[in-house]
Amino acid sequence: MEYFDTLIVILQSTVRVSVPLILAALAGLYSERAGIFDIGLEGKMLAAAFAGGAAASVYGSALVGLGAAVFVSVCLALVHGFASITQRGNQIVSGVAINFIALGATVILGQAWFRQGGRTPQLGEGERFTTVELPFAAELADVPILGSIYSNLLSGHFLLTYFAFALVPFTWWVLYRTRFGLRLRAVGENPGAVDTAGISVIWLRYRAVICCGILCGIAGAYLSMAMTAGFVKGMTAGKGFIALAALIFAKWKPVNVMFACLLFGFLDAMSIRMQGNALPIVGEVPVQFMQALPYILTVILLAGFIGKAIPPRAGGVPYVKER
Amino acid sequence: MNDIAIELKGIDKKFGLVHANKNINLSVRKGTIHGIIGENGAGKSTLMSILYGFYQADTGDIFVDGRKTVIRDPNAAIAAGIGMVHQHFMLVENFTVLENIMLGAEESQILNAGITKARQELKRLEEEYELEVDPDAIIEELPVGLQQRVEILKALYRGAEILILDEPTGVLTPAEADHLFRILEQLKDQGKTILLITHKLREIMAVTDEVSVMRRGEMVATRTTAETSVEELAELMVGRRVLLHVEKGPASPGDVLLSVENLTVRDSRGVDMVRNVSFNVRAGEIVGIAGVAGNGQSELLQAISGIRRAVTGKVLLQGEPIHVTGKADPSDLRHRGLAHVPEDRQHMGLVLKFDESENSILGYHDDPKYLKGMFLDIDAIRNDAADKIEKYDIRPPNPRLKTANFSGGNQQKIVLAREMERDPAVLVIGQPTRGVDVGAIEFIHKRIIEMRDAGKAVLLVSVELDEIRSLADRVLVMFDGRIVGERAPDTSEGELGLLMAGVEDTKEAAQ
Amino acid sequence: MSVPYAKLPAWVDYGLIPLINLAVAFAVAGLVVLAVGESPVRAAGLMIQGAFGYGEGIGFTLYYATNFIFTGLAVAVAFHCGLFNIGGEGQAYVAGLGVALPCLWLDQFAPWYLVFLAAIVGSALAGAAWALIPGWLQAKRGSHVVITTIMFNFIASSLMVYVLVDVLKPAGSMAPQTRAFAESGQLPRLDWMFSWAGVDMGGAPFNLSFLLALVMAGVVWAVIWRTRLGYEIRTMGHSPRAAAYAGIRQSRIIIITMMMSGALAGMMALNPIMGDQHRMQLDFVGGAGFVGIAVALMGRSHPVGIVPAAILFGMLYQGGAEISFEMPQISRDMITIIQGLVILFAGALENMFRPAITAFFATLGGARADKSIAAAE
């Protein structure tokens, strides 16, 4: 029973840390499936976390915070879009730039506005998201196994958490069952086909980066307004890159993205939990190894040793109408 | 009275200095197959792109069904009932047939409703035009012929009444091509109008009702197919050109220096571009390969020079084999006496951002005479470049000038100087005078003759028929990846033109 | 058929346009300063004063610049081959081992110059080794070097935490760092250079690795523009098809270039470890690997551009630290913004102003032509 409780606790924190990964990785999915590579997920998330934390504390409203987070993230996404779609610049360089701008600006503006060493003020009740209890969670808690799963693992999360998980099938539906999704996937594979079908490649790609901005914004809001109560400088701490790794690991497919994020989240949760504890068979595993594992797995996948990650064919290449 | 599907009036289009279409007039009758024929660069594709809204004409008007129509983008073309099957298919390769057909014509935001309708419509089209294709097949798993069928279905699904096919048989086997022609007949019977762009006379004669000939951006003639002949068309296509005058004595061929046996080369799509080609080039002769671009000449050159792997075949350089199917290495071939002037001067033969002297050693940069240990001997390189500049009259005479700043002719001279001054045994040249000014052409031709007279074996590939005729001692004609005939250089243009257009038995055709 | 940009005079191409891009980057940074309620002009004044106004400031400026010369060269070398090495940060971090281990082994008995020599070789080898895998994967398996180097940055970070916490930390110590090196594990400071100029360097850790950085700038220039290898690298970078035509073995060049890039990034570790802290600490790279991207873009991948660009960023680091005393709103993080803006405007948006400038020069040319026609009449 003790092992079971531990497992529940680990899974619970897996869910908690996976949420921003899922949101950010799905954000990247919209952009990259449309042929715009985005290594600026980290920066957009960070800027959104800051904007959310700041606006929520100033206006005393979580919803305003969420709106600000999304707005700022979309603005940065549009900068990336402008550089890579309109100006046909290097998408990698643009993404790197956005990461740094966000990293610096959040600290400078945070210090200027709140003078708490780059933090935003602690968010109080109503200024942050609260968890929701599913019906009968308390009553069912004592039912063995299932009750614990229901009340401890499924219940008691933020609305954003449920939103993130709901977004996975939704994204799948958008991608494979709507006109927008069909065109989005097409433009990432062969923009020429989209253009000759009479669809604007530019506008389609802009819509894709805007989707990416919105989701990165929500991911950021989750970090500063749900997972914690306020922005702390550099709080994304590489989550944007883990999400990128998860996206590649998932071979740019929405349901795979969820599992990849849960896997990477699980590794994260384990590494915190395991500090100093030995595992049954392998003995003590350095916590750093667990932390590096997502990246190592992604590299191995990229190398083509376990399956092959084939990015959208037109990814990273600006569309030039030419025959 | 309104039996004209499409009428073009005074279409004119320039790309910078290139005058791609000059005051084009064309009218296409409804319910006919109208061929447009011309050599590469004659302006056919540009004209069709204007009709499909990919480009805008500088001046001129388009009339569809007698109404003046402005076609600003492909959308407008689709709305006007024009569909296009592109030379390079515009398909999303990892999509299903159905998804490709629906793309851009989905009917509603959510696909499901449309999918059912699309399936029905597709089924109807398939039955009506006998165009069977599995709607759930993935494009990249289909053979090329079926992929093309999807392109046709795509256009029909959008309600196209006028169908443009741009070089549709380039990627097809003869059997697939025949099938395509049957489909086109079928479409015509159903009242569709078809514009067929091609450079193959056989196709024109086989399926078209009328044919228009383009040459160098101009529409030179329109004929009723039944009333014309391949000879007339070939002549119209190639034009009566003044043979460039090149001083040239008789050749005195010696040993075979380059021998190609049963060479087959496949491109990345898996299409055989060179099919079982064999020929020899002897010392002291120029063998010219004539043909319309895209018939496998590029792949042939690249395989011989070690840049592209061949599937099967044997190539001997001065009697020693080149591993064309394996590890042929361009730098090793250079050491063995094979010099190569590539067709694509700007991307392959030169690095445009390098200065002139740097380009004058490309490929020979491992020669000890340019090196001091691991370092480049800059003085030696620049002096060497300066010598070549003088000898080849390259202007401006500045070895330190960025190569992009030289004119086309001078860029070509940089490449020629580099390859010819190595005193190779075999010289392989692709398109020696493409984009080269008239003054330089004469100089380049003289140099090539001099190489021959110095006992080199020269293999010359050019799409300029008059260039081949004035330089080569023997002419091989390439069509559809094969060498379809060997002729003497003084063979008439008409006969060579027929061969280039795929009419193999010229004697029979001439009767 | 597309002629993207008309030809411009070389001074516009290599001088004016990069300067305009830079100016815009700094102007936007100025707006940020304005947004936090400070005067950009005063901030710039303070920054220059802090970076160059007194001996110690100059010493620090050049100390930081040393890091950025190494990492800027690393990024630039890869650029010449058409590769984007974002992994300088991780390569430098792992190369810390190549510096620290020789120091820990040799500092008790070998003279400093031998330790230095061993550390140079060690850091270059370690950095190269860390870049080898992404390079090999790109060359042989087609894995995109950008993604793999990002991943390797994180792997390096975990690895080094492990090494410092679990392996190299002396027993009984709490701080995740190696023991301090003895005197021969420390690089001589360059006080004498300052004394010549009659300036006191104070406590600035400006040290011998700066001269090594300058030497490496020269070496990079020579390798790229004066050797056969460099010729092959540049051919690859400009035109992979021309490289294939010339018989250059592409995968070999990719791997070698990545290793050179990693080695240069790795040598950066000498400066903070042997030159300043005299021990290896956690996070000693501190983002210098990323600054290298901005430096290389700004310096247009040429050592002659990279050295001043590195000094400019050194100035930003040092001056930025000084500003924060006077303007508490503006911390060193301001530099991160500037770094991002430079990468954006000098990199991703480098051609944004080109059409306008081309048009401007065209009208200028046109006006001149008109005038000559008028004169002729």
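**Entry 1. Chains B and C**

I looked up the area buried between chain B and chain C in this predicted model. The two chains bury about 2,300 Å² between them, and 62% of this lies on carbon and sulfur atoms. In chain B, I noted F354(B), H365(B) and L376(B) as the residues that lose the most area to chain C, together 23% of what that side buries. The contact takes 33 residues from chain B and 21 residues from chain C.

I then turned to the charged and polar pairs. I found 2 salt bridges between chain B and chain C. D344(B) forms a salt bridge with R241(C), and their closest N and O atoms are 3.0 Å apart. I also recorded 14 residue pairs in polar contact across this interface.

Next I listed the elements of chain B that supply at least two residues each to the side that touches chain C: α10 (330-335), α11 (345-349), β18 (375-376), α13 (378-391) and α14. By class, I recorded 16 nonpolar, 7 polar and 10 charged residues on that side of chain B.

**Entry 2. Chains A and C**

I repeated the search for chain A and chain C. They bury about 3,500 Å² between them, 78% of it on carbon and sulfur atoms. F100(A), I108(A) and Q288(A) lose the most area on the chain A side, together 19% of what that side buries. Here 43 residues of chain A are in contact with 43 residues of chain C.

I found 0 salt bridges across this interface, and 2 residue pairs in polar contact. The elements of chain A that give two or more residues to this side are α3 (62-86), α4 (91-114), α11 (239-249) and α13 (287-302). The largest share, 15 residues, comes from α4(A). I counted the classes on this side of chain A as 28 nonpolar, 11 polar and 4 charged.

**Entry 3. A sheet in chain B**

I traced an open sheet of 6 strands in chain B, in the order β16-β19-β20-β13-β21-β22, with mixed pairing. Which strands stand at the edges? They are β16 (338-341) and β22 (482-487) of chain B; each has a single partner strand, so one side of each is left without a neighbour in the sheet. Neighbouring strands are turned by 20° against each other on average, direction ignored.

I checked one pair in detail. Strands β13 (residues 285-290) and β21 (residues 474-479) of chain B pair in the parallel sense over 4 bridges. V287(B) stands opposite R474(B) in β21(B).

Finally, I located helix α14 (residues 408-420) of chain B, which lies across β16 and β19 (426-430) of chain B and runs at about 175° to β16(B).

Technical notes:
Residues numbered from 1 in each chain as written. Chains lettered and ligands numbered in written order. Predicted model: local features only at pLDDT ≥ 70, side-chain atom pairs only at ≥ 80, totals over all residues. Heavy atoms only, no water. Contact = heavy atoms within 4.5 Å. Buried area = accessible area lost by both parts, 1.4 Å probe. Salt bridge = Lys/Arg side-chain N within 4 Å of Asp/Glu carboxyl O. Polar contact = N/O pair within 3.5 Å; in protein donor to acceptor, adjacent residues only side chain to side chain. Nonpolar A, V, L, I, M, F, W, Y, C, P; charged D, E, K, R; others polar. Pairing = 2+ DSSP bridges. Axes fitted to C-alpha atoms, helices over the stretch in contact; angles between N-to-C directions.
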